[in-house]
Amino acid sequence: MHVAVAIVGFRNATDVARCLAALALSSHADFEVTICENGGPAAHAALLAAIPAALTGGQPVRAVLAPGNLGFAGGVNFCLAEAPGAGAWWVLNPDTIPEPEALAACVARLERGDCEAVGCTLYRPDGSVQSHGGAWSGWLGRAVSIGIGGPLDAAVDAAWIERRQNYLNGAAMLVGRRFVEVVGPMREDYFLYCEEVEWCLRGLARGMRLGYAPGGRVLHEQGTTTGAIQPVRTRPRAPTYLGERNGLLLTRDRYPARLPVTAAATLAQIVLRSLRGRSWRLLRFGLAGWWAGLRGERGVPEWIGA
């Protein structure tokens with residue numbers, strides 16, 4: 001199967017170069033790479049200077065300058081359009097380091113023919129699991145990462161994960177051609193956060209099935225671009241605001257009847273987390289995002305710079 005690797009970058013050429021170095025060791029060699037640089041001409045020039053035109057196995061690498069900051073969903077869609085002949089697209093965050101067998105394991109699971117998109121195990125630099133897959137709570141408006149914090153080498157029940165998950169972690173997800181043809185592209189009006197959850201939930205509603213490749217393991221530095229994992233007292237505005245806003249947008253789009261309950265539940269969670277972390281900053285950004293989501297605001301917030 002020919003795979004197109006889709007990477008969305010934003011002024012992080014070093015991360016992208018590390019990811020490509022790991023991809024060069026992939027045991028599945030039939031792939032190409034497209035990188036959508038969202039960070040402007042200077043970032044695109046820096047990216048071109050940092051990466052090869054082809055990997056050591058001959059796989060071509062294309063770095064394309066986006067016409068502005070498209071966000072994650074827009075960048076993914078841009079990459080999909082750049083490789084229309086692929087049999088599947090492997091969406092990878094630039095701050096990931098796939099193990100050599102990761103892509104082969106995901107392709108093998110997809111080729112079994114009983115699913116249209118495949119997730120894998122993402123793990124942190126400390127060796128703990130970030131997720132085997134995800135379960136979105138439609139009432140609470142919150143994501144639960146399956147296996148989070150567990151040991152990487154612990155045995156996993158792949159069938160149980162596939163029954164429980166209703167979305168794949170967007171940092172490393174293999175999406176088959178049929179999924180894209182039936183479901184369509186990611187929603188770009190989310191800009192950043194929750195877009196892969198909505199994509200998967202929309203896919204499930206249209207009869208798509210989600211698989212899990214236990215042999216696929218990908219190291220995820222997590223948050224190197226957005227600062228999402230910084231302590232609550234120093235976390236940037238965007239991940240907090242957009243996370244809360246888009247959680248409510250997702251409820252509007254997929255579970256509209258639940259919006260009143262979800263809005264109340266997420267408001268309570270924002271307040272509790274802020275009190276627990278003693279962070280006025282978290283409360284302020286979270287409430288602003290919550291209010292934007294309640295009003296149905298979409299797209300790029302006006303305060304996000306180019």
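A residue counts as buried when its relative accessible area is under 20%, as exposed when over 50%, and as partly exposed in between (1.4 Å probe, protein chains only). By that yardstick Tyr241 is buried, at 7% relative accessibility, while Trp303 is partly exposed at 28%.

A quick word on the model: it's predicted, so local features need pLDDT of at least 70, side-chain atom pairs count only at pLDDT 80 or more, and totals for chains, interfaces and linings use all residues. Residues are numbered from 1 along each chain as its sequence is written, and side-chain values use heavy atoms, with hydrogens and water left out.

Now for salt bridges, where a side-chain nitrogen of Lys or Arg is within 4 Å of a carboxyl oxygen of Asp or Glu. There are 19 of them here, including these three:

| Pair | Closest N and O atoms |
|---|---|
| Arg62 and Glu32 | 3.3 Å |
| Glu116 and Arg178 | 3.4 Å |
| Asp253 and Arg298 | 2.7 Å |

Asp253 belongs to helix 8 and Arg298 to the segment after helix 10, so their bridge ties together parts 45 residues apart in sequence. (Helices are DSSP runs of H or I with at least four residues, strands are E runs with at least two, and both are numbered from the N terminus.) Arg298 is partly exposed, at 31%. Asp253 and Arg298 also join Arg187 and Asp189 in a network of salt bridges.

What about Glu116, buried or exposed? Glu116 is buried, with a relative accessible area of 5%, whereas its partner Arg178 is partly exposed at 47%.
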